Amino acid sequence: MSNTIKRGGFSSSFGVLAATLGSAVGLGNIWKFPSLTGANGGAGFLLVYLLATLVIGLPVMIAEITMGRAAKANPITTLQTLSPKKSLPWWLVGVAGMLASFLILSFYSEVVAWVFAYVFKAIGGSILSSDRHVTESAFSALISDPVQSLLWQWGVLVFIGGILLLGVTKGIEGITKKLMPVLFLLLLVLCAVSLTLPKVAEGLAFLFKPDFSKITSGVILTAMGLAFFKLSLGMGTMMTYGSYFRDDQNIPATTVRVMLADLFVSMLAGIAIFPAVFSFGFEPSAGPSLVFITIPAVFSQIPGGQLLMIAFFILASVAATGAMLSLMEVPVVILHERIGMSRPKATLLTIAALVVLGASCALTNNLLADFKLFGKNMFDLFDFASSNVLLPLGGISLALFVGWVWGRDNFQRALSNQGTLHNAAVTGAVFFLLRYVSPLLILIVMLKGLDLF
Ligand code: PFF
């Protein structure tokens, strides 16, 4: 089926970089990365994260992109095409990826919904208060209202779906090429302001001061899990984007650039947030309360705070848009190529499915507050099932597939642009990591995530 469908693709090298970086950069950079770094030993945690990225993140990212580019197809067809023994159901890894994308989209789209709503609240000025109780009740008024929660989520889905309808080149590449420079510009402005505040040193110390006593085995595992989520790995997102890569694109160089730029964004986000948080005497809390309760209270005390707050939530919306596009592209391209639906129909069906599935997360803080499965509400359950089960399982499967099934020759040939790039040492090292090291380490992350040891 896929051979008969004309595929879109990224048209320029900058477009490849913008789209791929757009996927990696997301809400994860804004609340997960800085607060996890600060809470887990600053520079020490950063070092562990970097190691995890080198031995797990980069090899798996290279594997996914190389496989996608070699097969030029959606994740299910890619695994089918590259598998020498068609009798073994490797394509199920693609199906698991699609499931993971639906689960992540269900809760991620709700957080993006709050971010979008906050752009308007920041413009309207209703959250401009230095009193944390005021910003706290504004946030709880939003999330406890089922109608607002659903409508904002639907708005996000339609917005992202609308961009996807423009196609891969005009939609994903075109938009991320415009958004990435805006993202960096806004971040730099916010950092510049934050660095003028009184408690800069305290904020930076929270983020960077190494405290190696905090590096426990649990923290190492947290860093590895973060590397996975941050770089959008283990669910076919990077494989799908790889299928749009140009044949002359240098994959290892691109992945290293994406990983470094993503890290840079996380660092800048931390520099923009923590000096400000400390300067006004707040606790560096993590998760939604940092973004939706503390940040508004902090910014309202800075001269020009309303504009900065608007800039901050636009920045978060920009980051979230690139990540959402990549998440939604996975089911869209699968439905398009496997079932033969047109892209518009595939996009509409994906949105419709997410309206239903996502509602369980939009209603978690209101109508479904008491509804629990396996002891968790739907929001937490989807987060847990995707991050702690499906992504690591996908990562292990993909590493094993390349290392033991697709094999060294196929992998090296595909990775080296059919022999035009002679980086045998790099490709050999990546293959070694994929075959022996990454699967084992990911397994440890997963077992820890499941509290099995
Ligand atoms: N990398 C994104 C972030 O850090 O927010 C989240 C994400 C996007 C995870 C795409 C998985 C994915 F496929």
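Thr420 is exposed, since 9 other C-beta atoms sit within 10 Å and a count of 12 or fewer is what earns that label. The model is a predicted one. Thr420 belongs to the loop that links helix H17 (408–415) with helix H18 (424–449). Its C-alpha atom is 8.6 Å from that of Asp248, although the two residues are 172 apart in sequence.

Next comes the ligand. The shell around the ligand holds 15 residues, and the ones that come nearest are Gly26, Gly28, Ser232, Thr237 and Ala323. Four helices put at least two residues each into this shell: H1 (13–24), H2 (27–39), H10 (217–230) and H14 (305–338). As for chemistry, the shell splits into seven nonpolar, seven polar and one charged residues.

Two of the helices that supply the shell, H2 and H10, also turn up in the helix packing. The axis of H2 comes within 9 Å of the axis of helix H12 (residues 251–279), and the two cross at roughly 75°. H2 is therefore roughly perpendicular to H12, given that angles of 65 to 115 degrees fall in that class. On the H2 side the contact uses Asn29, Ile30, Phe33, Pro34, Thr37 and Gly38, while H12 brings Asp262, Val265, Ser266, Ala269, Gly270, Ile273 and Phe274. Sorted by class, the residues where H2 touches H12 are seven nonpolar, five polar and one charged.

H10, for its part, packs on helix H16 (residues 378–406) at an angle of about 75°, and their axes are 11 Å apart. This pair is therefore roughly perpendicular too. From H10, Gly225, Phe228 and Phe229 meet Ser387, Leu391, Pro392 and Gly395 of H16. No charged residue takes part in the contact of H10 with H16, which has four nonpolar and three polar ones.

Then there is the pairing of helix H7 (residues 146–165) with helix H15 (residues 343–362), whose axes come within 10 Å and cross at roughly 160°. Because of that angle, H7 runs roughly antiparallel to H15, the cut-off for this being over 145 degrees. The crossing of H7 and H15 is right-handed. H7 offers Ser149, Leu150, Gln153, Trp154, Leu157, Val158, Gly161, Leu164 and Leu165, and these meet Arg343, Pro344, Thr347, Ile351, Leu354, Val355, Gly358, Ala359 and Ala362 of H15. Twelve nonpolar, five polar and one charged residues make up the contact of H7 with H15.

Key:
Residues numbered from 1 in each chain as written. Predicted model: local features only at pLDDT ≥ 70, side-chain atom pairs only at ≥ 80, totals over all residues. Near = placed C-beta within 6 Å. Nonpolar A, V, L, I, M, F, W, Y, C, P; charged D, E, K, R; others polar. Buried ≥ 20, exposed ≤ 12 C-beta atoms within 10 Å, placed from the backbone. Axes fitted to C-alpha atoms, helices over the stretch in contact; angles between N-to-C directions. Parallel < 35°, antiparallel > 145°, perpendicular 65-115°, else oblique. Left-handed = near helix turned anticlockwise from the far one by under 90°. Contact = placed C-beta atoms within 7 Å.
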